[in-house]
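Me: Please take a close look at one part of this model, the largest pocket, and tell me what makes up its lining.

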Amino acid sequence: MSSLPVRPNHRRNRARRILIGTAVVAVVAGFNGPALYRYGSETYHDYTINKPEYKAANGHWDFLDVPSEFRINTIHAALLHTGKVLLVAGSGNNQKNFDANKFESVLWDPNTNKFKMIPTPKDMFCAGHTQLPDGKLLIAGGTKRYEKLKGDVTKAGGLMIVHNEDPDKPITLPAGTKFTGKANGKTFVSKDPILVEKAEKVFDKATGRFLRTQPGLGRIYVEAEESGKEFETGTEDNYKVVGLKGKDARNVYGMAQKLALDKKDFQGIKDAFEFDPVAEKYIKVDPMNEARWYPTLTTLKDGKVLALSGLDEIGQIVPGKDEIYDPKTKKWEYTGIERRFPTYPAIFLMDNGKLFYSGSNAGYGPADVGRDPGVWDLETNKFKKIPGLGDADRMETSATVMLPPAQDQRFMVIGGGGVGESQDSSEKSRLVDLKDPNPRFKDGASLDRGTRYPSASLMPDDTVLVTGGSEDYRGRGDSNVLEARTYDPKTGTYTRVADPQVGRNYHSGSVLLPDGRVMIFGSDSLFADKANTKPGVFEQRIEIYTPPYLFRDSKPKVTGGPETIKRGQSGVFTTPDAARIKTAKLMRPSAVTHVTDVDQRSIALEMKKTADGIQVTVPKNRALVPSGWYMLFVTDDKGTPSEAVWVEVP
């Protein structure tokens with residue numbers, strides 16, 4: 001496999017895409033549901049899928065009625081403990097929006113179907129996010145600069161490494177600093193300010209004798225002063241920092257390799273925010289130490305948040321510099337260890353406090369670095385690889401879920417594709433049991449065809465809804481998969497259910513709602529036709545899937561009870577249906593982007609019947625039940641879930 005970065009092309013045919021309208025008419029390519037043959041008229045099809053017996057067996061899809069002024073390119077979505085859903089576009093993969101500083105978020109209330117525009121301070125397009133212990137949503141990173149394809153780049157540029165050999169003081173160089181090559185004589189200008197730490201004195205550990213000075217290093221993106229191929233460089237050179245004098249001029253200098261008119265990748269930002277569900281606004285917190293675009297944020301056992309991977313302010317993979325956010329101090333600190341992953345790696349908190357990396361990711365990064373799945377001990381930086389992964393070279397754009405109940409520590413990896421713009425995709429579902437002393441992946445039930453970008457939502461009846469995706473990269477060749485199915489972890493089988501009406505691929509995701517329905521959003525097809533001649537447009541329509549269990553005669557009801565239950569303690573809830581209630585669980589709300597959702601987990605609760613209700617007990621394990629808000633669902637003897645009751649675990 002190649003060790004060179006292979007990266008998806010976000011903006012191919014960008015100029016032509018601007019000419020396309022704001023919506024694509026979706027054609028329903030046949031009947032919904034596994035029991036129907038694909039023939040007959042659209043009228044008969046609509047009649048059939050709306051019959052009560054069909055809905056009771058297969059569920060039903062409906063479009064969410066979104067007023068035109070609230071239709072955005074939803075790329076991120078999170079369910080908040082108020083029951084509302086935060087939809088985030090940022091610039092929405094739209095260069096025009098980015099250039100105009102048009103960044104968008106919308107808050108949707110499923111109970112009232114009301115929408116609200118939320119002022120969005122930075123471009124959160126391709127940020128990372130996770131649920132915090134106090135119910136706020138942490139969002140970190142996003143877009144500093146859109147990529148430029150080769151041919152669109154007019155000024156030679158690239159990475160400049162700034163050295164500071166002064167052991168006594170750091171130095172800050174402002175945006176606009178000029179660097180002139182000592183050999184090539186060409187001048188390049190920095191685009192941002194940069195702080196370069198002071199040099200470090202290195203001593204012999206045994207004798208204490210001074211050995212050398214290790215210069216402080218800083219990374220900065222630079223461009224030529226003028227346009228033209230003649231300003232490219234082809235070899236490494238040492239660069240003088242224009243304007244420095246005396247000691248600074250001797251100690252501070254730049255080093256750069258090739259500075260050229262090559263494709264320039266997306267660049268990330270350091271900004272971080274907490275979204276307050278009660279105040280319904282973004283609150284700025286301290287920025288990360290590293291700029292990140294396409295990062296993953298994973299909540300740890302102590303409630304702190306690990307940020308890892310992403311493209312930095314130069315457009316290169318952050319070189320393993322992971323950092324941790326403390327919600328109490330609102331500050332970030334490096335972990336002090338380094339481990340490299342591709343962007344948006346699917347990394348889950350395990351019940352022993354360690355981290356599980358499934359191998360799922362969303363691209364960007366060398367094909368042979370950080371791709372192996374395994375268990376990572378953050379305290380020691382030891383990483384134990386897990387063998388047996390099926391289609392290991394087709395893990396990009398796959399989905400990973402922690403199967404219910406979370407106590408079992410079983411994971412499923414669904415679909416995926418080859419690195420970058422590969423045509424290869426996988427139909428496999430790979431299973432691994434981390435309770436096994438020697439865990440190993442095994443292939444489970446398969447999808448009908450290879451599927452990139454499948455959305456997967458844990459359901460309150462302990463199944464997994466798998467829907468959408470495409471067989472080829474970003475739906476090329478009209479390859480969207482208009483199918484949905486549920487997976488039963490107990491039997492290890494898929495069951496086809498009603499088919500969605502809209503194809504979903506890149507920039508899509510799904511969110512379980514408190515009433516047991518599922519919202520699916522997004523899709524960013526590369527092309528709009530089978531021949532791949534018409535540029536695609538972002539899919540702004542949102543669909544709601546109503547599962548079969550909501551078409552049954554009745555469902556259990558739960559009311560009252562404490563709003564807060566500590567780990568290891570119990571709470572009593574009132575219900576008239578106690579006699580037929582069989583299970584209770586806490587489900588952590590989703591925070592999803594690029595079909596990556598490491599917050600999802602469903603925790604089985606010990607349950608006892610009381611005189612007029614039920615008593616549930618929360619497990620003591622902090623790593624199994626991270627602090628935060630959860631949806632409490634109960635299910636009856638038919639597997640029908642109640643509407644959720646929100647419970648805080650402090």
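Reply: The strand that gives the most to the lining of the largest pocket is β16, with five residues; strands here are DSSP runs (E, at least two residues), numbered from the N terminus. This is a predicted model, in which local features need pLDDT of at least 70 and side-chain atom pairs count only at pLDDT 80 or more, while totals for chains, interfaces and linings use all residues. Residues are numbered from 1 along each chain as its sequence is written, and side-chain values use heavy atoms, with hydrogens and water left out.

Besides β16 (216-224), the strands β8 (143-145) and β13 (194-196) each supply at least two residues of this lining. A pocket is defined on a 1 Å grid over the protein atoms alone, as an open set of points with protein on both sides within 12 Å along at least five of seven lines, and its lining residues have an atom within 4 Å of a point. By that definition 39 residues line the largest pocket, and those nearest its centre are Ile194, Arg219, Lys270, Asn289 and Glu313. Its volume is about 1,100 Å³, where a volume is the space filled by probe spheres set on the points, which are joined across faces, edges and corners.

By class, the lining of the largest pocket has 17 nonpolar, 15 charged and seven polar residues; Ala, Val, Leu, Ile, Met, Phe, Trp, Tyr, Cys and Pro count as nonpolar, Asp, Glu, Lys and Arg as charged, and the others, Gly among them, as polar.

Notes
On a 1 Å grid over the protein atoms alone, a cavity is a set of points where a 1.4 Å probe fits but cannot get out, and a pocket is an open set with protein on both sides within 12 Å along at least five of seven lines; lining residues have an atom within 4 Å of a point. Helices (H or I, at least four residues) and strands (E, at least two) are DSSP runs, numbered from the N terminus.
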